[in-house]
Amino acid sequence: MSDIPATGGGGAPVSAPGTAGRRNGIGTAALVVGVVSLVLAILVIFAPLAALLGLIGTGLGIAGILRVNQGMADNRGQAVAGLITALLGLALGVAISISVGTFLTSHVTDFNRLGSCLDNASGSAAREACAREFADRLGK
C-alpha cells in the first residue's frame, strides 16, 4: 500500500515536502561540460576548445555548489565532479595549447623549408629526401 504515490485533489502525484523546487540542472551541466572538456583536452587539436569549455564548466560547477549550499539543489556530488573535471580540462587544454604553440613557433623556419623543398621536388625520391631532412632538423 505504501508503494502507491499520494495524489492531490486532481489526481496528480504530490511530492514530499522540502523536495519540491530542487533544480539540479547547473550541477549536471557542470559535469557534462567538464567531462567533454577533459575528453577534448586529450585530443590535442581541440585543446583550445577544451580550455574554453573548462572555464565554462568551472563557472557552472561553482554555481552548482553554491545552489546546493543555498538548499536550492541536492546534487553536490555532480557539481563537485563537474568542477574537478572542468578544472582538469582547463589545465590540460591550456598546457597542451601552450606547448603546441611553442613547438610550432620554434620550428616555423623548418616547416617553411619543408614546404619549399616539397614544392621544388620533382619525384618521390626528392620528396623522401625533403622528409628526411625535415625529420633530422626536428630531431636536433
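Let me begin with a single residue, Leu87, which at 40% relative accessibility counts as partly exposed, and which lies in helix 3. I should say at once that what we are looking at is a predicted model, and everything I describe this morning is computed from it. Leu87 also gives us a link across the sequence, since Leu87 and Gly61 are 26 residues apart along the chain, while their C-alpha atoms are 9.5 Å apart in space. A second pair of this kind involves Ala95, which is again found in helix 3 and is partly exposed, at 43% relative accessibility. The C-alpha atoms of Ala95 and Ala51 are separated by 9.1 Å, although the two residues stand 44 positions apart along the chain.

Now to the chain as a whole. The secondary structure comes to five helices and zero strands, so that, read from the N terminus on, the elements run α-α-α-α-α. Of the 140 residues, 25% count as buried. Among the contacts with a separation of 6 or more, 64% are accounted for by residues 24 or more positions apart. The chain exposes about 8,900 Å², and carbon and sulfur atoms supply 68% of that area.

Let me turn to helix 1, which takes in residues 25-42. With its 18 residues, helix 1 reaches 26 Å from its first C-alpha to its last, close to the 26 Å expected at 1.5 Å a residue. Which residues of helix 1 are buried? They are Gly27, Ala30, Val33, Gly34, Ser37, Leu40 and Ala41. These buried residues cover an arc of only 155 degrees around the axis, and therefore they sit on the same side of helix 1. As for what covers them, the cover includes helix 2, residues 47-69, and helix 3, residues 76-106.

From the buried residues I move to the surface, where Val35, Val39, Leu43, Ile45, Phe46, Leu49, Leu52 and Ile56 form a nonpolar patch with about 730 Å² of accessible area together. The elements that give two or more residues to this patch are helix 1 and helix 2, and helix 2 gives the most, with three residues. One member, Leu43, has its place in the loop between helix 1 and helix 2. Is Leu43 buried or partly exposed? Leu43 is partly exposed, with a relative accessible area of 42%, and because patches are made of residues with over 30% relative accessible area, that value meets this part of the criterion.

Finally, a word on charges. Side chains of opposite charge can pair when their charged atoms come close. How many salt bridges does a search of the whole structure find? The search finds one, in which the side chains of Glu133 and Arg137 meet at 3.1 Å, N to O. Because Glu133 and Arg137 are four residues apart in helix 5, residues 124-139, they are separated by about one helical turn. As for their surroundings, Glu133 is partly exposed, with a relative accessible area of 37%, and Arg137 likewise counts as partly exposed, at 27% relative accessibility.

To draw the threads together, then: the predicted model has five helices and zero strands, the buried residues of helix 1 are on the same side of that helix, a nonpolar patch on the surface takes two or more residues from each of helix 1 and helix 2, and one salt bridge is found in the whole structure.

Conventions
Residues numbered from 1 in each chain as written. Predicted model: local features only at pLDDT ≥ 70, side-chain atom pairs only at ≥ 80, totals over all residues. Heavy atoms only, no water. Expected span 1.5 Å × (residues − 1). Buried < 20%, exposed > 50% of the residue type's maximum accessible area, 1.4 Å probe, protein only. Arc of directions from axis to C-beta. Contact = heavy atoms within 4.5 Å. Patch = residues over 30% accessible without salt bridge, like charges linked within 9 Å, V, L, I, M, F, W, Y side chains within 5 Å. Areas by Shrake-Rupley, 256 points an atom, 1.4 Å probe, with all protein chains shown as cover. Salt bridge = Lys/Arg side-chain N within 4 Å of Asp/Glu carboxyl O.
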